Amino acid sequence: MKDTLRKKYIPMTETIYYTLLALTCPRHGYAVMQYVNTLTKGRITLGTGTLYTMVGRLTADGVIMTLPGRDRKTYGLTQFGLELLQEETRRLEKQLADGRNVLAGGAETVRDI
């Protein structure tokens, strides 16, 4: 089951990635939207429809969870969600390193075979 979900979420969309980053600390929906907007300096603005549709799917898949005993509906990462976030971050780091290497002229051009 987890392998199927890994394939579903890796690679991640930017909105999912930033939502998971936001949920490394418990947050309610509006706080997630504010955090993402601030972190990306306004480059990504989550709408309520987008956020709550995504939160529903992430919760159903066990990537995030609703935290009990809060005044507002508050969400946090599950252990599986944290693992996915870490895996995606490593993947993005490798992708960025490859891009920088090629653009700096450090990698040979792949020729037609």
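The axes used here are lines fitted to C-alpha atoms, for helices over the stretch in contact, and angles run from 0 to 180 degrees between N-to-C directions. With that in hand, turn to the model, which is predicted. Two packed helices are described by the angle between their axes and the distance between the axes.

Start with α3 and α4. Their axes are 11 Å apart, and the packing angle is about 115°. Angles of 65 to 115 degrees count as roughly perpendicular, so α3 and α4 are roughly perpendicular to each other. The crossing of α3 past α4 is right-handed. Where do the helices α3 and α4 meet? On the α3 side the residues are G29, Y30, V32 and M33. On the α4 side they are T48, L51 and Y52. By class, this contact has 5 nonpolar residues, 2 polar ones and no charged ones.

Now follow α4 to another partner, α2. Here the angle is about 75°, and the axes are again 11 Å apart. α2 and α4 are therefore roughly perpendicular to each other. From α2 come T15, I16, T19 and L20. They meet L51, M54, R57 and L58 of α4. This contact divides into 5 nonpolar, 2 polar and 1 charged residues. L51 is worth finding on screen. It belongs to the contact of α4 with α2, and it also belongs to the contact of α4 with α3.

Helix α2 has a further neighbour. It covers residues 14-22 and packs with α5, residues 79-103. The angle is about 125°, and the axes are 10 Å apart. Are α2 and α5 oblique or roughly parallel to each other? They are oblique. Their crossing is left-handed. Y17, L20 and L21 make the contact from α2. G81, L85, E88, T89 and L92 make it from α5. Among these residues, 5 are nonpolar, 2 are polar and 1 is charged. L20 takes part in this contact with α5, and it also takes part in the contact with α4.

Next come the loops. One of them joins α3 (29-39) and α4 (48-60), and T40 is found there. Is T40 buried or exposed? Buried means under 20% relative accessible area. T40 has 8% relative accessibility, so it counts as buried. A polar atom of its side chain lies 3.0 Å from the backbone nitrogen of I44.

K41 lies in the loop between α3 and α4 too. Its relative accessible area is 74%, so K41 is exposed. Its backbone also stands out. Most residues other than glycine have a negative phi, and most peptide bonds are trans. K41 is not a glycine, yet its phi is positive, at about 55°.

The other part of that rule has an exception as well. The peptide bond from I10 to P11 is cis, with omega near 0°. P11 sits in the loop between α1 (2-9) and α2.

A second proline, P26, lies in the loop between α2 and β1 (27-28). P26 is partly exposed, because its relative accessible area is 44%. Which residues does P26 contact, leaving aside its neighbours within four places in sequence? They are L67, R70, T74 and Y75. E93, in contrast, is 67 residues from P26 in sequence and 25 Å away in space, C-alpha to C-alpha.

Terms used: Residues numbered from 1 in each chain as written. Predicted model: local features only at pLDDT ≥ 70, side-chain atom pairs only at ≥ 80, totals over all residues. Heavy atoms only, no water. Helix = DSSP H or I, 4+ residues; strand = E, 2+ residues; numbered from the N terminus. Buried < 20%, exposed > 50% of the residue type's maximum accessible area, 1.4 Å probe, protein only. Polar contact = N/O pair within 3.5 Å; in protein donor to acceptor, adjacent residues only side chain to side chain. Parallel < 35°, antiparallel > 145°, perpendicular 65-115°, else oblique. Left-handed = near helix turned anticlockwise from the far one by under 90°. Contact = heavy atoms within 4.5 Å. Nonpolar A, V, L, I, M, F, W, Y, C, P; charged D, E, K, R; others polar.
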